[in-house]
Amino acid sequence: MSFVPMYPLLRRLLFLLPPEQAHIAAMHALRQVHHFETGKRWLSRRFCISHPSLQREVMGLTFPNPVGLAAGFDKNATYVELLAALGFGFIEVGTVTHKPQPGNLRPRLFRLPADEALINRMGFNNDGVFAVAARLRNIRSRLSRDTHGNARLIIGGNIGKNKETPNEQALVDYGICFEALYDTVDYFVINVSSPNTPGLRDLQQRDALREIVSHLQTLNQAKPVPRPLLLKIAPDLSWAELDQILDLALQFHLSGIIAANTTIRRDGLRTPAEIVERIGAGGLSGRPLFAHTLQMVNHIARQTSARLPIVASGGIFSAEDARKVMDAGASLVQLYTGIIYRGPGLIREICQALAAT
């Protein structure tokens with residue numbers, strides 16, 4: 001039996017475990033399969049599609065397909081090669097911070113099955129930028145262009161600040177992360193939009209954001225080959241706040257916008273309010289975000305006259321969802337919660353649909 005039809009059963013088993021433990025168990029099991037050459041070939045046959053029509057030229061990079069993995073799934077670049085074998089066209093590691101940090105206390109990840117959603121308050125738990133950079137250097141050569149001439153996997157680095165770093169010194173953390181990861185990633189994402197680091201979203205305000213973006217672009221433009229620099233924004237911004245950020249992005253020649261991070265809103269959920277209240281603080285992801293993701297993509301494309309590439313992230317659960325955001329102006333899409341509820345077959349489903357059009 002194919003892995004894809006089996007996933008609903010596997011999901012039921014995984015959902016018996018706490019979410020963080022289930023994530024570790026699932027990735028460990030897939031890693032055991034991927035360890036053997038026969039396992040790698042099996043994964044490739046089940047999940048990967050290589051077709052010239054899927055390639056995308058965006059931000060000066062050639063993506064083998066437009067379906068990527070959002071940051072947060074592989075914070076420490078532990079599973080990059082395995083995830084590539086599942087058919088992703090690009091993988092965003094992180095969020096990575098200057099110093100290692102454990103993140104918030106557990107439990108910090110919660111399922112809302114009735115909404116096909118998650119709430120997380122992970123808090124940028126990661127091994128620190130120098131450990132992640134060393135890991136990426138060790139695997140980079142094995143992910144180079146293959147013998148068939150297919151475009152190689154694109155790796156993005158999502159960077160943030162440590163919890164203990166005052167906002168006034170945030171640009172130092174971002175700069176250190178940029179320098180440490182520069183030779184290991186293809187693009188960077190400035191994360192100022194997670195709701196799980198106190199005060200981080202204040203960095204989306206014009207003056208604070210201007211300082212960080214200006215500093216990183218100065219470092220970037222001094223490099224022999226500047227990297228595409230994107231900004232990941234919150235879905236909770238007002239349209240006026242979003243427009244200010246877009247003006248700044250165009251002014252500083254950012255390479256793109258990721259729309260969007262998790263939301264602090266809880267309206268319209270099917271999960272009983274008392275359960276949601278008991279879970280408490282954190283960012284909501286999953287299917288409830290899709291309508292707003294589509295609105296944001298539409299708005300950004302209109303406001304920038306399609307001058308700013310958009311990566312749609314939030315509530316994409318089907319090939320139809322991916323097609324809708326692309327029709328609205330997105331160049332690429334990212335998955336996270338959709339993989340938890342639909343399984344890795346979702347990547348192939350989207351790629352097959354896009355290759356057929």
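**Exercise 1. Find which residues of helix α8 are buried, and say how they are arranged around the helix.**

Solution. In α8, the buried residues are L242, I245, L246, L248 and A249, where buried means under 20% relative accessible area, exposed means over 50%, and partly exposed lies in between, with a 1.4 Å probe and protein chains only. Seen down the axis of α8, these buried residues fall within an arc of 160 degrees, so they line one face of the helix; the arc is that of the directions from the helix axis to the C-beta atoms. Helices here are DSSP runs of H or I with at least four residues, strands are runs of E with at least two, and both are numbered from the N terminus.

This is a predicted model, in which local features need pLDDT of at least 70 and side-chain atom pairs count only at pLDDT 80 or more, while totals for chains, interfaces and linings use all residues. Residues are numbered from 1 along each chain as its sequence is written, and side-chain values use heavy atoms, with hydrogens and water left out.

The next step is to ask what covers this face: the cover includes α7 (206–221), β9 (229–233), β10 and α10, with contact meaning heavy atoms within 4.5 Å. Finally, α8 is followed by H253, whose phi is positive, near 55 degrees.

**Exercise 2. Compare the span of helix α5 with its expected span, and then describe its two sides.**

Solution. The expected span of a helix is 1.5 Å times one less than its number of residues. For the 12 residues of α5 (residues 129–140) this gives 16 Å, and the end C-alpha atoms are 16 Å apart, which agrees. Turning to the sides, V129, V132, A133, L136, I139 and R140 are buried in α5. They cover an arc of only 130 degrees around the axis, which puts them on the same side of α5. Those buried residues pack against α4 (80–85), β4 (90–96), β7 (154–159) and α6 (170–181), whereas the face turned away from the buried side carries the exposed residues F130 and N138.

**Exercise 3. Trace the barrel and show how β3 and β13 are joined.**

Solution. The closed barrel has eight strands with parallel pairing, and it runs β3-β4-β7-β8-β9-β10-β12-β13. From one strand to the next, the twist averages 25 degrees. Strand β3 (residues 67–69) and strand β13 (residues 332–335) run parallel and are joined by three bridges, two strands being paired if DSSP finds at least two bridges between them. Within this pairing, G68 has Q334 of β13 as its bridge partner.

**Exercise 4. Locate T262 and A260 in their loop, and decide whether T262 is buried or exposed.**

Solution. T262 sits in the loop between β10 (256–259) and α9 (273–279). Its relative accessibility is 9%, so T262 counts as buried. Leaving aside residues up to four places away in sequence, T262 touches several residues, among them N120, R201, D236 and L289. A260 is also placed in the loop between β10 and α9, and the peptide bond from A259 to A260 is cis, with omega near 10 degrees.

**Exercise 5. Describe the backbone and exposure of S305 and A306.**

Solution. S305 lies in the loop between α10 (290–303) and β12 (310–313), and its phi is near 50 degrees, a positive value in a residue other than glycine. With a relative accessible area of 57%, S305 is exposed. A306 lies in the loop between α10 and β12 and has a positive phi of about 60 degrees although it is not a glycine. At 61% relative accessibility, A306 counts as exposed.

Key. Axes fitted to C-alpha atoms, helices over the stretch in contact; angles between N-to-C directions.
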